Amino acid sequence: MRAQFVLSEIGVGLRRNLTMTFAVVVSVALSLALFGGALLMREQVSTMKDYWYDKVNVSIFLCNKNDAKDMPKCAKGAVTKEQKDQIKVDLEKMDAVETVHFETVDEAYKHYQEQFGDSPMAGNITPDQMQESFRVKLDDPQKYKVVATAFAGRDGVQSVQDQRSILDQLFELMNGMNAVAVYVMILMLVIALILIVNTARVSAFSRRRETGIMRLVGASGFYIQAPFIMEAAVAGLIGGVLACAMLLGGRYFLIDGGLALQEKLNLINFIGWDAVLTKLPLVLAIGLLMPAVAALFALRKYLKV
């Protein structure tokens, strides 16, 4: 009987405050969708870092005959065979180095044409303008400075480049976007909490006669409060379900269908469905508990006899 009464009161409360309930559902759904999106963005950045940092190389570019005019580091002329051999030997001795690959001028020109062959400037580049280089794979990308310090000032070395620095700019951009999403999520959560508190208070005020009678007949505080808490929890749960639907739909639209980024950007290792599915229980739990706790604190003064 008591359970039936609580359930009937939940339905009455949701119908009486339909507009505010709708606002609560929408704000909770948007805030939780942003929350889940921020978690997924962070995981995407982490996945990309693990994937790309494992593949990046440190490139040691060697001086060619054309660099002597424009590059102070190559003032002594093009790199000699002895210098190249010594650089290779020293690289292979380093504990931080996993593999060393020497790229010839012809290989560098071929790779350039493969990457920038459609560019108008590609036709103006000749093989003798390309640089020989050592492509160094490190056992830990964080040890780049060890190689840079050892070879940056050597005769015959034009520059030492860490490909990771290029990726860091991309990851900083993605982290910045993630931070914006977190700030918007916090704003939406605050708005949702305010709406939940106001909805609970309006609902309690509109039924103050019934709650007053229940106090007089000795009903417990929890029994009086339960319908209001459940109303907020149901609205929050609906918002959580909508947020889950948005996360699933967003992942499908962006990666698999619609934009199909997986096909267009096949060099990026996108997060899988398992990453999304593991976040859904957390989103639902927050959607259920957050409004219930907010309503519990908002209604405390209404239990005072």
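A residue counts as buried here when its relative accessible area is under 20%, and Lys279, at 13% relative accessibility, therefore falls in that class. Keep that cut-off in mind on this tour, and keep in mind as well that the structure on screen is a predicted model.

**The whole chain**

Begin with the entire chain in a cartoon view, where 11 helices and 4 strands can be traced. Of its 305 residues, 38% count as buried, and the accessible surface comes to about 17600 Å², with 63% of that area belonging to carbon and sulfur atoms. If you turn on contacts between residues at least 6 apart in sequence, 82% of them join residues at least 24 apart.

**Lys279 and its partner**

Select Lys279 next, which sits in helix α11, the run of residues 273–298. Leaving aside residues up to four places away in sequence, Lys279 touches Leu39, Leu40 and Glu43. Which of these neighbours meets the Lys279 side chain in a salt bridge? The partner is Glu43, and the N to O distance of the pair is 2.6 Å. Because Glu43 lies in helix α2 (residues 18–53) while Lys279 lies in helix α11, the pair ties together parts of the chain that are 236 residues apart in sequence. The two ends of this bridge can also be coloured by accessibility: Glu43 is partly exposed, with a relative accessible area of 29%, whereas Lys279 is buried at 13%.

**Further salt bridges**

The count of salt bridges in the model comes to 5, and two others are worth selecting after the pair just seen. Pick Glu132 together with Lys84, whose side chains meet at 3.3 Å, N to O. Glu132 belongs to the loop between α5 (105–116) and β3 (133–138) and Lys84 to helix α4, so this pair ties together parts that are 48 residues apart in sequence. Glu132 and Lys84 are both buried.

Then move to Glu103 and Arg135, which form a salt bridge with their closest N and O atoms 2.9 Å apart. Here the linked parts are strands, with Glu103 in β2 (residues 97–103) and Arg135 in β3, and the two residues are 32 apart in sequence. Glu103 counts as buried because its relative accessible area is 5%.

**The disulfide**

Select the cysteines now, and look for the 1 disulfide that the structure holds. The bond joins Cys63 and Cys74, with the sulfur atoms 1.9 Å apart. Cys63 is in the loop between β1 (58–62) and α3 (67–70), and Cys74 is in the loop between α3 and α4 (81–93), so that the pair, 11 residues apart, links distant parts of the chain. Looking along the link, you will find an angle of -75° about the S-S bond, which makes it left-handed. Cys63 and Cys74 are both buried. For another buried cysteine, select Cys244, where the relative accessibility is 7%.

**The nonpolar cores**

Hide the surface and show nonpolar side chains in order to follow the largest nonpolar core, which has 27 residues. Those with the most contacts inside this core are Val28, Leu40, Ile196, Leu247 and Val283, and the elements that give two or more residues to it are α2, α7 (164–206), α9 (221–256) and α11. Centre the view on Ile196 to see how the neighbours are arranged: not counting residues up to four places away in sequence, Ile196 touches Val24, Val28, Ala232, Met290, Pro291, Ala294 and Ala295. Apart from the largest core lies another one, of 17 residues, and among them are Val58, Leu62, Val97 and Leu138.

**A nonpolar patch on the surface**

For the last stop, bring the surface back and select Leu237, Val241, Leu288, Leu289, Val293, Leu296 and Phe297, which together make a nonpolar surface patch of about 590 Å². Which helices each supply at least two residues of this patch? They are α9 and α11, and the largest share, 5 residues, comes from α11. Leu237 has its place in helix α9 and is partly exposed, with a relative accessible area of 34%.

Methods. Residues numbered from 1 in each chain as written. Predicted model: local features only at pLDDT ≥ 70, side-chain atom pairs only at ≥ 80, totals over all residues. Heavy atoms only, no water. Buried < 20%, exposed > 50% of the residue type's maximum accessible area, 1.4 Å probe, protein only. Contact = heavy atoms within 4.5 Å. Disulfide = S-S within 2.5 Å. Salt bridge = Lys/Arg side-chain N within 4 Å of Asp/Glu carboxyl O. Core = buried A, V, L, I, M, F, W, Y, C linked by side-chain atoms within 4.5 Å. Patch = residues over 30% accessible without salt bridge, like charges linked within 9 Å, V, L, I, M, F, W, Y side chains within 5 Å. Areas by Shrake-Rupley, 256 points an atom, 1.4 Å probe, with all protein chains shown as cover.
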